[in-house]
Amino acid sequence: IPPSPRIVVNPDAHDAYLRGRYFLNKQDLSHSLESFQQAIALDPTYAPAYAGYSSALDAAAAFGIGKPEQLMPQALAAAQRAIQLDPQNGEAYTELGSLQTIYEWNWTEAEQNLIHGIALNPNDSIAEFKYAVYLDAVGRPQDARTHMRRALELDPLSFLINRRMGATLYLARQ
């Protein structure tokens, strides 16, 4: 089997992407969006920057920092662009599935994309978290609990995941 070609990453774009992730984790969404936009400007072919930008837009809409009817179409486009640039980007599939859950209510495609995102990145606690949100939305609380437990195994100190575990247990009547 021939080795896969090495992907050259612009270090400045990657640095901006990492800053975007850092600010997203801190829920500093304005700096997160700005950092992801900078990463995209530095390297318009860098798929992780689009996936991160999609996640930040999703969070901005969820926290009321902008109108969902404006932000969600941009988030969908960014996730789709990330997949187009890198069909192996698990974060992009996870985000697309999340948007299909919370914005489009496209249950079939949402589940396919969320499962694919987990398959591509099995150690991503956010992928497990977002799949659990989907499972709660479609009335499968026991499955949601299983995936939230996995998310907690992967990131036991996450406030977001611990808080959502409480909601998941509540919806499972536990």
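Trp107 is partly exposed, with a relative accessible area of 33%. That value comes from a predicted model, as does everything else in this report. Trp107 has an aromatic partner, Tyr134, and the pair is tilted, with 6.3 Å from centre to centre and 55° between the planes. Look along the chain and you will find Trp107 in helix 6 (residues 107-120) and Tyr134 in helix 7, 27 residues apart, so the pair links distant parts of the chain. Is Tyr134 buried or exposed? Its relative accessible area is 4%, which is under the 20% cut-off, so Tyr134 counts as buried.

**More aromatic rings**

The model holds five aromatic pairs. Another of them joins Tyr17 and Tyr46, whose ring centres lie 6.0 Å apart. Why is this pair called edge-to-face? The planes meet at 85°, and an angle over 60 degrees earns that name, so the pair is edge-to-face. This pair also links distant parts of the chain: Tyr17 belongs to helix 1, while Tyr46 is in the loop between helix 2 (29-42) and helix 3, 29 residues away. Tyr17 and Tyr46 are both buried. Ring pairs also bring in Phe36, giving a cluster of Tyr17, Phe36 and Tyr46. A charged residue meets a ring elsewhere: Arg81 lies over the face of Tyr50, 5.9 Å from the ring centre.

**The nonpolar core**

In soluble globular proteins, nonpolar side chains tend to be buried together. Here, the largest nonpolar core has 32 residues, and Leu24, Leu33, Phe36, Tyr53, Leu57 and Ala82 touch the most other members. Helix 1, helix 2, helix 3, helix 4 (68-85) and helix 5 each supply at least two residues of this core. Which helix gives the most? Helix 3 does, with 10 residues. Phe36 is worth finding on the structure, as it appears both in the ring cluster and among the core residues that touch the most other members.

**Two pockets**

Next come the open spaces. The table sets out the two pockets.

| Pocket | Volume | Nonpolar lining | Polar lining | Charged lining |
|---|---|---|---|---|
| Largest pocket | About 950 Å³ | 14 residues | nine residues | nine residues |
| Second largest pocket | About 160 Å³ | seven residues | one residue | two residues |

The largest pocket is lined by 32 residues, and Gln27, Ile126, Phe129, Lys130 and Leu160 are the closest to its centre. Helix 1 (11-25), helix 3 (47-62), helix 5 (90-104), helix 7 (125-137) and helix 9 (159-171) each supply at least two residues of its lining. The lining of the second largest pocket includes Ile7, Val8, Val9, Asp43 and Tyr46. You have met Tyr46 already, as the edge-to-face partner of Tyr17.

**Two loops and a helix**

Gln27, which is among the residues closest to the centre of the largest pocket, lies in the loop between helix 1 and helix 2. Its phi is near 60°, a positive value in a residue other than glycine. Gln27 is partly exposed, at a relative accessible area of 44%. Trp105 also has a positive phi, of about 55°, although it is not a glycine. You can find Trp105 in the loop between helix 5 and helix 6. How exposed is Trp105? Its relative accessible area is 59%, over the 50% cut-off, so Trp105 counts as exposed.

Finally, turn to Gln74 in helix 4. Gln74 is partly exposed, at 38% relative accessibility. Its C-alpha atom is separated by 18 Å from that of Asn89, 15 residues apart along the chain.

Definitions and conventions. Residues numbered from 1 in each chain as written. Predicted model: local features only at pLDDT ≥ 70, side-chain atom pairs only at ≥ 80, totals over all residues. Heavy atoms only, no water. 1 Å grid on protein atoms, 1.4 Å probe; cavity = no way out; pocket = protein on both sides within 12 Å on 5 of 7 lines; lining within 4 Å. Points joined across faces, edges and corners; volume = space filled by probe spheres on them. Helix = DSSP H or I, 4+ residues; strand = E, 2+ residues; numbered from the N terminus. Nonpolar A, V, L, I, M, F, W, Y, C, P; charged D, E, K, R; others polar. Phe/Tyr/Trp six-rings, centres within 6.5 Å; stacked < 30°, edge-to-face > 60°. Buried < 20%, exposed > 50% of the residue type's maximum accessible area, 1.4 Å probe, protein only. Lys NZ or Arg CZ within 6 Å of the ring centre and 35° of its normal. Core = buried A, V, L, I, M, F, W, Y, C linked by side-chain atoms within 4.5 Å.
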